[in-house]
Amino acid sequence: MAAPLAYALIATDLDGTLLRGDDTLSDRSLAALRRVAAAGARHLVVTGRPAPRVRPLLDDLGSRGLAVCGQGAQLYDAGADRLLWSVTLDRELAETALGKIEAEVGQVYAAVDQDGVDGLTLIEPGYLMPHPTLPAVRVGRRDDLWCEPISKVLLRHPALADDELASTARSVVGSLASVTMSGPGTVELQPLGITKATGLALAARHLGLTPSDTIAFGDMPNDIPMFDWAAHGVAMANAHPELKAVADEVTSSNEDDGIALVLERLFS
């Protein structure tokens, strides 16, 4: 009889976690994920990236299953290339939230991820993409950001640190949206109450799995709800201090195959 799996669901963030700084997967990480699949466990990507920006990476992974995208606002079926579930951010509320934030900190620069499997990332003048490898369309003015339904707004400030911008945004946005920080230069507004845990829980139900079946890997404060939901949370060595503070374990960095080190131990 085969030994029971330590965890049947492996939930991984992408940027700063599974991916290296150049947006690639190491051979060791790929081998570890193949070992997980061979043992009968499921790998689930849980990322802030919208579905269209995740599709090429899922192809690299050979994944035809589910992925949680857009900070939990989208549940994407890679095999069918469709969204099983999505939540949009009200565009009028988003504009109001931006106004409140700018009243406190001065001008910010904004981008949006449009909803849908073919949604675009639109960036207003002055906004610099934190991941220059990701495609984006520059628009002429902020009003152009709201032309189609969106899943979230991304914010950057020319001078404030991310933690300060996120803290101020939370203090003034209130119930208009949820505020999170998903990476360097990436403070985000998303639909109120939507987190990575929202999407992860929904995906797990589709797979017939539970929190006790799940180990989660991440590197930023937006991964905290996912760690709270899962049985075991593993922070990368390069993780934000807020995430390390709630992690059950800290592994090596994303550049040093931190996920592979844990999976090799669990699925030896």
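Leu263 touches Ile10, Ala32, Leu33, Val36 and Phe217, leaving aside residues up to four places away in sequence. This is a predicted model. Leu263 is also among the best-connected members of the largest nonpolar core, which holds 31 residues.

**Nonpolar cores**
- In the largest core, Ile10, Leu58, Tyr76, Ile215, Phe217 and Leu263 touch the most other members.
- Two or more residues of this core come from each of α1 (14–18), α2, α3 (51–61), β3 (66–69), β12 (214–218) and α9.
- A second, separate core has 27 residues, including Val105, Val108, Val139 and Val173.
- In soluble globular proteins, nonpolar side chains tend to be buried together.

**Packing of α2 and α9**
- Two packed helices are described by the angle between their axes and the distance between the axes.
- Helix α2 (residues 27–38) packs on helix α9 (residues 258–266) at about 30 degrees. Their axes lie 9 Å apart.
- The α2 and α9 crossing is left-handed.
- From α2, the contact uses Arg28, Ser29, Ala32, Leu33, Arg35 and Val36. From α9, the partners are Ala260, Leu261, Leu263 and Glu264.
- By type, the residues of the α2 contact with α9 are six nonpolar, one polar and three charged.

**Helix α3**
- Ala51, Pro52, Arg53, Val54, Leu57 and Leu58 are the buried residues of α3.
- These buried residues pack against α1, β2 (42–46), β3, β4 (74–77), β5 (82–86) and β7 (121–123).
- Leu58 of this buried set is also one of the core residues that touch the most other members.
- Gly62 follows α3 and has a positive phi, near 70 degrees.

Terms used:
Residues numbered from 1 in each chain as written. Predicted model: local features only at pLDDT ≥ 70, side-chain atom pairs only at ≥ 80, totals over all residues. Heavy atoms only, no water. Axes fitted to C-alpha atoms, helices over the stretch in contact; angles between N-to-C directions. Helix = DSSP H or I, 4+ residues; strand = E, 2+ residues; numbered from the N terminus. Left-handed = near helix turned anticlockwise from the far one by under 90°. Contact = heavy atoms within 4.5 Å. Nonpolar A, V, L, I, M, F, W, Y, C, P; charged D, E, K, R; others polar. Core = buried A, V, L, I, M, F, W, Y, C linked by side-chain atoms within 4.5 Å. Buried < 20%, exposed > 50% of the residue type's maximum accessible area, 1.4 Å probe, protein only.
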